[in-house]
Each structure stands twice: as structure tokens, then as C-alpha cells.
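Reader: Please present the structure, and then justify the terms applied to its ligand site and its empty spaces.

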Amino acid sequence: MSTLRIEGLHARIGDTEILHGIDLVVPAGEVHAIMGPNGSGKSTLSYVLSGRDGYEVTAGRALLGEQDLLAMEPEARAAAGLFLAFQYPVELPGVGNANFLRTALNAVRRARGEEELDAVRFLKLARAAMKSLAMADDMLKRQVNVGFSGGEKKRNEVLQMAILQPSLAILDETDSGLDIDALKIVADGVNALRGPQFSALVITHYQRLLDYIVPDRVHVLANGRIIRSGGPELAAELEAHGYAQIVAEAA
Amino acid sequence: MSAPTGGSAAAHSFLSRFEGLKSRLPGAAAPREAAAASFAAAGLPGRGLEAWKYTSLQPMADASFHEPFSLLAPCEELLALVPPPALALDAPRLVFRDGRLRADLSNPPDFFSSFSTAPELDADPRPLVALNTMLAEDGAVLDLPAGVDGGTLLLIHLASDLHGQPTAAHPRHIIRLGTGARLDLVEICVGTGCYLHNPVFRISLAANAALSHVRLQDESTAGFHLASIDVSAGAGALYDGFTFNAGSRLGRAETIATLAGPGARIHLDAAQLLRGRQHGDITTIIRHAAPHGASRQGVRHVLDGHARGVFAGRIEVARGAQKTDGYQMNQALLLSPDAEIDCKPELEIFADDVKCSHGATVGELDADQLFYLRARGVPAATARLMLIRAFLDDAIEGLEDPAVRATLAHVVDQRWSEPAL
Ligand SMILES: Nc1ncnc2c1ncn2[C@@H]1O[C@H](COP(=O)(O)OP(=O)(O)O)[C@@H](O)[C@H]1O
Ligand SMILES: [Mg+2]
């Protein structure tokens, strides 16, 4: 089972410590939200968990099931079931979206000991996923994220998630820049994966997304620490009073 | 009287080969003797010459080059080095082995004749051309009459060492397209071991003729490839050249292209993927000699290990060449701190109503792009290859024939997957 277990995690960028000791458990099958003011370390946490260069973990650990995430290469983490929907999806000029998706899917399937999909079976799977995300077919022919609108980029992230079928998804402000229709589509995409084998860490600024992806737990991250945790009602409280009061209480 | 030595062991070996071979070389003796005298005096081009500032022939200077044994030698292994998508092209084919036509492996089109039957040799003092003039035994002479569409033609050059000894081949190719004639020439050079392939191309295009010339230099990484290509394009004619360098230890293509008639167009696009200690030099001179001409050059280098790329591109616009449009862009991707690119653009403009631009970029693989791919499960090596291909594809995608694009993509994958020297 793929419980995410983060214990005493400290991480720095250069000489600056950003995460000052994070403790967090997301049991398999649950969706947790992380909320917090800008600059509190939400994206840093998502990058440290997915293995981006430039972050030094100085203490603590992060396990996905039995696996020590922090000891693994980024691609091995993906194969182990981790998926990060980027806050700022990266453009890949010259790389076609279909080729990108199929290469990623087959790399992950190979690493998981599953057979690779040929072009026909892949296209069938991709088209079905795109349909449920209300994406136009020509999206597959375009270069990855190049010339995509903000909303298209976010939808493309969710498409990748739908195709790669992770056991733990981290969605970093996937709601930002989406209108309400797109937001519902994205939420449907996440909810479709929900089940005992899937857990998610939904990073968001606003309660709005959490009306559609109802979390089991909500955590407030401020200045590199989780300062409060609670049920879904915590999101509503934050929406009503803002972060200032909670941050002040915790200080 | 002792034979002149030309300075290096290599030059000496070429001159003695000429002494031994000259009575059997086809055609008139005079131009060969003149070329030999000129080569003996100059020797291999040295870095003192402006055109050779960034490329040293020192790595081949100490080798002695031997006569290849090419007319009966088996070619199956060498042909297997030609990328499968190219062999699958439904086109007539000329196969040369060590500079000599292999009729048994070729099915020539009717506009082909062999250089050996009526050698045409002009006087050109550049050392490598003089070397070719002195020793050229064979080559493709392609004469397309006015209005003829020659379709696609595959020109394959196979080379190898001889029992571990370096060999040398100096084919002379002459291509003439009559008014409005067309040809798509796909040239592929492969080989094994150490050898020198020193081809000379003389290309002239009459009014409104169009030649597409794709060169795939995929020589042995122990070999040397030194090509000299001269192009003259008449009024409204198009020379659409694309060079891809993936092979040879030391490769250089020097192209001198003249827009001789009004409205001529010259494209000299190129890409190279070099690894280990490979050295690749793309040197071009584009001469706008007539008005309303357009030239375009997009050059992309991917350099790994200790590889070194050179691009020297000179655009000359003569006084009368008004309304010239010249564009040049040189882009390099350096994959290692030890890789190196030298870039020397030069504009020499004597007309006042012209549009000429040039630019250059040098960069590394983008860390965010690499991480994005890896975060999706793509292993680092595959992710790098995808980004390299994307960079090169920008240059390759302009090629019309899908089989040619597939050929180049095949070579990129092939070269990237084998261990570098
Ligand atoms: N590359 C970086 N170099 C230095 N500081 C950084 C870098 N990236 C982020 N930070 C700092 O780390 C802190 C947390 O940033 P981030 O994780 O992006 O916050 P959030 O996602 O919660 O808005 C901020 O103070 C930010 O300025
Ligand atoms: Mg952020």
C-alpha cells in the first residue's frame, strides 16, 4: 500500500533553509490538501518529494509505502507511483505531445514490469482520457505545452496523470488560472482516480478547488512548517478569515 | 631528382602515390602535374591559412595513406552501415567504394556517366582540391538536360582501411543541371577504420534549375572526411543543401556557393552531432554576385564529450547585388564542459540595398526540461536524447522527403546509443 510518510523533513536551497521540519502522513486512499500563503514552501515540498535538483535535504525522510523516495532518481519515483502536476508546466519545443506521453507511459510501464503499449493501443487510451477531460484531439499533435494557454497546460498535466495512473499525485496549484468549467473538469479527473490505491496531496491557495475535490484532511503550511491540520472545515475557516490570523496564532 | 615531400608523411604518401599511379590515371596529364606541383609546394593546409584557423590536420599528418583495394573488395558489411530508411528509398543508386564506382552494386540513371571516361579537371590551388585533382580516378558526372526532372538519386560512398593501414579516396563529382532541370541528391558516406575521404563537387545550375543536396557524413570515427563543394546558381536557380555530420574523427565540409544569376537561392543548412574527440568543421562562403538573390543558413551543433564544432560562414555581397537577402543562424548545444564551439560569421557587403542578418546562440540542455521528462518517468539518458532530437529536428524537419528525415533520425539514435570514443 502506498502511504506517504514524511518525517522531520528539512530542506534548503543554497544557504537558505526553506522547509523547517515537515511531518505529514497521507494514508493510501486519502486526499489531503495543503494550503498556505505564497512563499511558504508548498512548491519546495513538491519538488523535494519528486527529486528536482538544487534542493538539499538536511534532515528527515519521506517514504512512499516502503520505498525511501529521497534516495531515488526522479524517474524511479515516477515509476514507484509518484506524480507531480507542476505549478508551472514546462514547454518542450520540438517534442510532440503524443510522443512525450507514450514515452513516459512506456518508461513507467517498463519499470513496473508491465508490457509496453504499441502506438494503436496508446492512442486509444490517450483519446479516451482526453475525451473525459474535454480536450481537443489536436492536442496530441502539438509540441508539449508550447503555445498552450494556462488552462490547457493544467489540463495537459491532468491528462498525463490520467495516463500514468499514479498511486500518489501531488497537484501544485493546478487550479490557478482555471475558469470554473475547467476547474470542474480537472476535479473530475482527480476524483476519477480516487480509490483505495490512490492518494493525493492537493496544494492550493483557495478553497474553491476543495469544493470539488473534497479532502480528507487539510494542512496549513506557513514559513516551512505545518502549523495546523484539520478536517475539510479548516479550508472554509481559512477562506473566511485569511491566513494572517492562523499564522499569528501559531507564532 | 628526389620527389617533393610536401612536408608531412601524409603529403609525402600522396605524392608518391601520384608518382606511381600517374601513367595510369585517366585524362590529360598536364592538369594533374600542375596540381601535384602546387600540392607539393603547399602541403596539407595548415592553421596559418585563414580558412583553416580552427581546424588542424595534424591528426592525419603523420599517417601514410595507401592505395585502397576497392574493385573486388566485398561491400556487404559496409552497405549494412547505410541507414535502412535510405536503402529503402525507391531510387537509382550509385555506389562508390574508396572513390571508385562499383558498377556491380549500382543502378545508374541515364544522366550519369563516370568521371573516369572523360575527366574534366580545372585548376584550383586550394591544397585539398589540388590533392583531389592530382589523384581523382573516378566520380559521378551527372548531366541533366534542360527541363528534366531527375527525381531522387542515392550517392553512396563506402570506405575502409586496408588490413589496418589507412587508405585515401579522392572522388570528383560533377553535377550540371540544365535550365529548369531538377534533382534530389541524397549522399551518404560510411566506412570502417582509418581512411581519408576527400571528395570534390563541382556543381552548376542553369537558370531555374533546382538541386536538393542532402549530405549524410556518417564516416568511421577513425576516419577523415574533407569535402570541397563548389556551387554556382544561375538566374532563379535553387541549391538546397543540407549537411548532417555524425561521423569521422575529423570532418570538414567547405562550400563555396555563388549566386551568379539574378534571383538565385542558396540554402546551406547543416547539423552535427559530435561526441568523444570528434571534430566537425562547417566552412562556407556565399557569394552574392547578382541582384535579388537569397541565401539562408541554419546550422545546429550538438557537442558532447571533448567534441569540437566549427562554423565559419562568410557572406559576400558584390557591388551590383542589390536586393540581396542573406540570413545566417548558428546554434550550439554543449552537453559537456569540455565540448567547444568556434563560430566565425563574416559579412562583406559592397551593395547598399541589402538585408543581411546573422546570429548565434550557445547553450546547454535545459535543466527544467530534463526534470520535467524525468518526473514523468523517462530515464535521464532517454530524456537527454529526446531533447537533443528536438533541437536537431528543428533543422531536419525542413527536409521534404520523410525517408530522408527518418534516415537522419536513425543516425542520431544510432550514434547516441553507441559508446563515444
Ligand atoms: N530557486 C530558489 N532560490 C532561492 N529561494 C527560493 C528558490 N525557490 C523558492 N525560493 C524561496 O523559497 C520559499 C518557498 O518558495 P515556494 O516553495 O515556491 O513557495 P510556495 O509554493 O508556497 O509559494 C520562498 O521564500 C521563495 O522565495
Ligand atoms: Mg508554489
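Author: The discussion below turns to the ligand site, the pocket and the cavities.

Author: This is a predicted model, in which local features need pLDDT of at least 70, side-chain atom pairs count only at pLDDT 80 or more, and totals for chains, interfaces and linings use all residues. Residues are numbered from 1 along each chain as its sequence is written, chains are lettered from A and ligands numbered from 1 in the order in which they are written, and side-chain values use heavy atoms, with hydrogens and water left out.

Reader: What makes a residue one of those by which ligand 1 is surrounded?

Author: A residue qualifies if one of its heavy atoms lies within 4 Å of the molecule. The residues around ligand 1 are Ile13(A), Ile18(A), Pro37(A), Asn38(A), Gly39(A), Ser40(A), Gly41(A), Lys42(A), Ser43(A) and Thr44(A). Helix H1 (residues 42-50) of chain A contributes the most to this shell, 3 residues; a helix here is a DSSP run of H or I with at least four residues, a strand a run of E with at least two, both numbered from the N terminus.

Reader: Why is the pair formed by an oxygen atom of ligand 1 and a polar backbone atom of Gly39(A) called a polar contact?

Author: The term requires a pair of N or O atoms within 3.5 Å; within protein, one must be able to donate a hydrogen and the other to accept it, and residues adjacent in sequence count only if both atoms are side-chain atoms. The Gly39(A) backbone atom is 2.8 Å from the ligand oxygen, so the pair qualifies. Likewise, a polar backbone atom of Lys42(A) is 2.9 Å from an oxygen atom of ligand 1, and a backbone N or O atom of Ser43(A) lies 2.8 Å from one. The protein covers 55% of the 560 Å² of accessible area that ligand 1 has on its own.

Reader: What makes an empty space a cavity or a pocket?

Author: On a 1 Å grid over the protein atoms alone, a cavity is a set of points where a 1.4 Å probe fits but cannot get out, whereas a pocket is an open set with protein on both sides within 12 Å along at least five of seven lines; lining residues have an atom within 4 Å of a point. The largest pocket has a volume of about 660 Å³. Of its 30 lining residues, the closest to the centre are Asp240(B), Arg296(B), Gly398(B), Leu399(B) and Glu400(B). Domain 1 (73-365) and domain 2 (366-421) of chain B each supply at least three residues of this lining.

Reader: How many cavities of 30 Å³ or more does the rule give?

Author: The count is 4. The largest cavity has a volume of about 110 Å³, and among its 14 lining residues Thr243(B), Thr255(B), Leu268(B), Asp269(B) and Thr284(B) are the closest to its centre. E13(B) provides the largest share of that lining, 4 residues. The second largest cavity has a volume of about 50 Å³, and its lining includes Arg17(B), Asp98(B) and His170(B).

Conventions
Accessible areas come from the Shrake-Rupley method with a 1.4 Å probe; for residues, only the protein chains shown count as cover. Grid points are joined across faces, edges and corners, and a volume is the space filled by probe spheres set on the points. Domain bounds come from an automatic or database domain assignment.
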